[in-house]
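Please open the structure in your viewer and keep the selection tool at hand. The tour moves from one selection to the next, with a short account of what is there at each stop.

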Amino acid sequence: MDVITDIFNRLPVKSLVRFKALSKTCCSLIDDPDFIKNHLSRSIKTRSNLNILLKGLHLYSVEFDSLDNAVPLDYPLSSGAGTEVFGSCNGILAFRLSDKNLAFYNPSTLQFRRLPVSEIDPPSGESCKSGYIFYGFGQAVKTNDYKVVRMATFNKTDDEENESYYFDYEVKVYSLKDFWRKISKLPFYLRFMFQFFYHLLHRRGYDVLAGGVLHWVMPPRIEFGMRNAIVGFDLGTEEFIEVPQPNCADKSYLLDVGVLDGRLCAVCNYNQEKIDVWVMKEYRVKESWTLLLSVQRNRTINTLAFLKPLAYSKDLDKALFEINSRKFVWYDLQKKNMRSMKIGGSPGRFGAEVYIGSLIQINDPKRLQIEKQNELEKLKNESCKKRDYFLSKGFKLVL
């Protein structure tokens, strides 16, 4: 059994899901929480079972090892178009169809869990409506709890660009082990976090998960003397933090954040002429920021509006990036050059995100209980039908 467990630990998730039908022993092993944890840990360590999610009007999945074909992703909330994936963690995708329709989904196991509805409550005594909404999704490592964070702005007018009317944020957190609850201790700088065109362009409103902390960028506010800032929300303590930035050469730049191999990245864009990508080797230690690469605009890349780090290759000699929401490039870390690549079946414009295949369970216990009750009721009804059938044929029941 130890040998079988070791072999199973090295198999792709798709194979393991099929092998659950081999026997009760195999099913019990693959569903075991310790096996699921060890399999995920090995996948992360070896950079295996990786996939790229392409987000546009529809969702597509691409196997990272081949990067040859984009396959449409079927999911329970599919409604033709418009479903938003606002985060992924350990193989679980967080879906948003509307502000009242959120769900978790594991595309490897096809398990689905809808989140309970929580209303957005405007400030008391004020006549206003909710404006832009930030979402975040990740895991609090110490408690092994998966959480969704929702930050909603409020404004008085119908003009969402008129930022002078923004009120404080409402921040709520939902966890798999609990329900929605409101965070009362909020920093003052949150009211300056949203900037209309900045966050809608290239989907910058998405969070970046690194070190058990969700990260967003607060854009520069020249009128207030505020420069770029990285805002974090610690999923363990449920508090906001400020993350130190790298010492960029020029102060005139737009900042974005990303993640590579679980480490936070800072992407500094200098007027779409040059982009620097920094990696934080030790979390929240300013001196640990290390310049990974610097890219200049050239004939191959005639615009540098947006660059997003995705993943390292298995041998760590290259890194994959999304550029301008239109194409992928491999950057050779040794030769310092880029090579563009195409993925068959991918949409013309997309947002890309890496997710790992896993066996993590997200079934809703209440839904499982209801399904079990329905199954028992179904068996009972079938038994009654058989009894009535035999009685109608003249058979006598022997008690």
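In what order do the 4 strands of the open sheet lie? They follow the order 8-9-10-11, and their pairing is antiparallel. Please keep in mind on this tour that the model is a predicted one. To see the borders of the sheet, select residues 129-140, which make up strand 8, and residues 181-182, which make up strand 11, for these are the edge strands, each pairing on one side only. Adding residues 145-155 brings in strand 9, which runs antiparallel to strand 8 and is joined to it by 10 bridges. One place to look is Gly 138, whose bridge partner in strand 9 is Lys 147.

Next, select residues 2-37, which an unreviewed UniProt entry lists as "domain: F-box". Over this stretch the chain is 75% helix and 0% strand, and the C-alpha atoms at its two ends are 16 Å apart.

The following stop is the second largest pocket, which holds about 690 Å³ of space. Of the 34 residues that line this pocket, select Lys 14, Asn 51, Ser 61, Glu 63 and Tyr 355, which lie nearest its centre. Among the elements that each supply at least two residues of the lining are helix 2 (13-19), helix 4 (33-46) and strand 1 (50-55). By class, the lining of this pocket divides into 14 nonpolar, 12 polar and 8 charged residues.

From the pocket, turn to the cavities, of which the structure holds 2 with a volume of 30 Å³ or more. The second largest cavity has a volume of about 40 Å³, and its lining includes Asp 99, Lys 100, Leu 115, Arg 150 and Trp 180. This lining has 5 nonpolar, 2 polar and 3 charged residues.

The last stop concerns aromatic rings, for which the count comes to 14 pairs. Select Phe 95 and Tyr 105, which form a tilted pair, 5.8 Å centre to centre with 45° between the planes. This pair links strand 5 (residues 92-98), where Phe 95 lies, to strand 6 (residues 101-106), where Tyr 105 lies. Both Phe 95 and Tyr 105 are buried, and with Tyr 75 they are linked by ring pairs into a cluster.

Then select Phe 188 and Phe 192, an edge-to-face pair with 5.6 Å centre to centre and 70° between the planes. Is Phe 188 buried or exposed? Phe 188 is exposed, because its relative accessible area is 54%, whereas Phe 192 is buried, with a relative accessible area of 17%.

Terms used:
Residues are numbered from 1 along each chain as its sequence is written. This is a predicted model: local features need pLDDT of at least 70, side-chain atom pairs count only at pLDDT 80 or more; totals for chains, interfaces and linings use all residues. Side-chain values use heavy atoms; hydrogens and water are left out. Two strands pair if DSSP finds at least two bridges between them. UniProt positions are given in the numbering used here, feature names are shortened, and annotations may be inferred rather than shown by experiment. On a 1 Å grid over the protein atoms alone, a cavity is a set of points where a 1.4 Å probe fits but cannot get out, and a pocket is an open set with protein on both sides within 12 Å along at least five of seven lines; lining residues have an atom within 4 Å of a point. Grid points are joined across faces, edges and corners, and a volume is the space filled by probe spheres set on the points. Ala, Val, Leu, Ile, Met, Phe, Trp, Tyr, Cys and Pro count as nonpolar, Asp, Glu, Lys and Arg as charged, and the others, Gly among them, as polar. Rings of Phe, Tyr and Trp (its six-membered ring) pair if their centres lie within 6.5 Å; planes under 30 degrees apart count as stacked, over 60 as edge-to-face and the rest as tilted. Buried means under 20% relative accessible area, exposed over 50%, partly exposed in between (1.4 Å probe, protein chains only).
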